[in-house]
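Work through the exercises below with the model open. Each task is followed by a worked solution.

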Amino acid sequence: MTRTIVVHSHRGGTGKSSVLANLALLIAAGGSRVGVVDTDIQSPTLDLLFRLAPGASLADYLLGRCEIEAAARQTGVPGLYVVPARTGTAALRELMSTGYDVGLLPEGFDRLAEHYALDVLLLDTHAGLNNESVTAMASADVVVILARADRVDLSGVEETVSLAGRLACRRALVLSMAPEGIDRVDARRRAEEVYGAPLAGILPYVPEMAALYGERIFAEAHPDHPLVGEFRTIISALDARDEVSRA
Ligand SMILES: Nc1ncnc2c1ncn2[C@@H]1O[C@H](COP(=O)(O)OP(=O)(O)OP(=O)(O)O)[C@@H](O)[C@H]1O
Ligand SMILES: [Mg+2]
């Protein structure tokens, strides 16, 4: 049975794609078969992060030009496959002008999971609520919600939590990019007050991550950094299938 993990945030730039890429790498390195789909068609990232060559994408699949499994690329990591969102803007313009059948998304996720015998499917999303992010959440076993210690981010958490609750999937809140010197106890208290359950993790702002220019995956570049330990803690929290996320 494939477990589907969606990474989402209310606002952009919270670290969704970076966290997802690191989780994918670490889960695959642990021996699981992992699929990743970049559903962020507006502003794709994973093609760059995973250094994929141009080729078939999720957009091509949604436009009926290929099967989704043909858009999945092998990466340097055995058992890790990535479907990029799109290459170029032509497909985006086409999708925006003609629209597409959103039912193709869950169908594609299922097919990918079956074709590649995936243990875990990770879905990256555009910030906020749009067709792709809501459809991804509807397919999720667990939604990882990323928020910075910031009033607007946290008010968005309320909205996402209420949606994820209606969709009956588990959820895990992670505070992201916590600045150095932040009062972690206070930040945790504020976030948990909004969220109504314990956090799955607090990720610090790490300058070495920003210095990678989004060209490399952190766990690959700095395997022994404490941040990688934080990513592993999140993976354990997601594995635990406990109350962490069932608020
Ligand atoms: N913990 C961190 N510390 C420092 N920089 C980070 C951290 N996490 C992510 N970044 C950097 O922040 C930038 C934005 O990250 P990322 O693209 O992962 O965010 P996102 O939420 O996916 O953005 P978008 O909403 O545009 O999809 C990247 O340059 C990334 O390297
Ligand atoms: Mg992103």
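Helices (H or I, at least four residues) and strands (E, at least two) are DSSP runs, numbered from the N terminus. The model is predicted: local features need pLDDT of at least 70, side-chain atom pairs count only at pLDDT 80 or more, and totals for chains, interfaces and linings use all residues. Residues are numbered from 1 along each chain as its sequence is written, and chains are lettered from A and ligands numbered from 1 in the order in which they are written.

**Exercise 1. Backbone outliers**

Task: Place Ala-117 and Arg-51 in the fold, then state whether each is buried or exposed.

Solution.
- Step 1. Most residues other than glycine have a negative phi.
- Step 2. Ala-117, not a glycine, has a positive phi of about 45°. Ala-117 sits in the loop between α5 (104–115) and β5 (120–124).
- Step 3. Count C-beta atoms, placed from the backbone, within 10 Å of the residue's own: 20 or more others means buried, 12 or fewer exposed, in between partly exposed. Ala-117 has 10 such neighbours inside 10 Å, so it counts as exposed.
- Step 4. Arg-51 also has a positive phi, near 50°. Its loop runs between α2 (46–49) and α3 (58–62). With 12 other C-beta atoms within 10 Å, Arg-51 is exposed.

**Exercise 2. A helix pair**

Task: Describe how α7 and α8 cross, and which residues make the contact.

Solution.
- Step 1. Two packed helices are described by the angle between their axes and the distance between the axes. Axes are lines fitted to C-alpha atoms, for helices over the stretch in contact; angles run from 0 to 180 degrees between N-to-C directions.
- Step 2. The axes of α7 (residues 151–166) and α8 (residues 184–195) come within 9 Å and cross at roughly 30°.
- Step 3. That makes the two helices roughly parallel (under 35 degrees; over 145 is roughly antiparallel, 65 to 115 roughly perpendicular, the rest oblique).
- Step 4. From α7, the contact takes Leu-154, Val-157, Glu-158 and Val-161. From α8, it takes Arg-190, Ala-191, Val-194 and Tyr-195. Contact means C-beta atoms, placed from the backbone, within 7 Å.

**Exercise 3. The whole chain**

Task: How many helices and strands are there, and how compact is the chain?

Solution.
- Step 1. The chain has eleven helices and eight strands.
- Step 2. Its radius of gyration is 17 Å, close to the 18 Å of the globule rule for 247 residues, so the chain is as compact as a globular protein of that length. The radius is taken over C-alpha atoms; the rule is 2.2 Å times the number of residues to the power 0.38.
- Step 3. Buried residues make up 45% of the 247.

Notes:
Contact = placed C-beta atoms within 7 Å.
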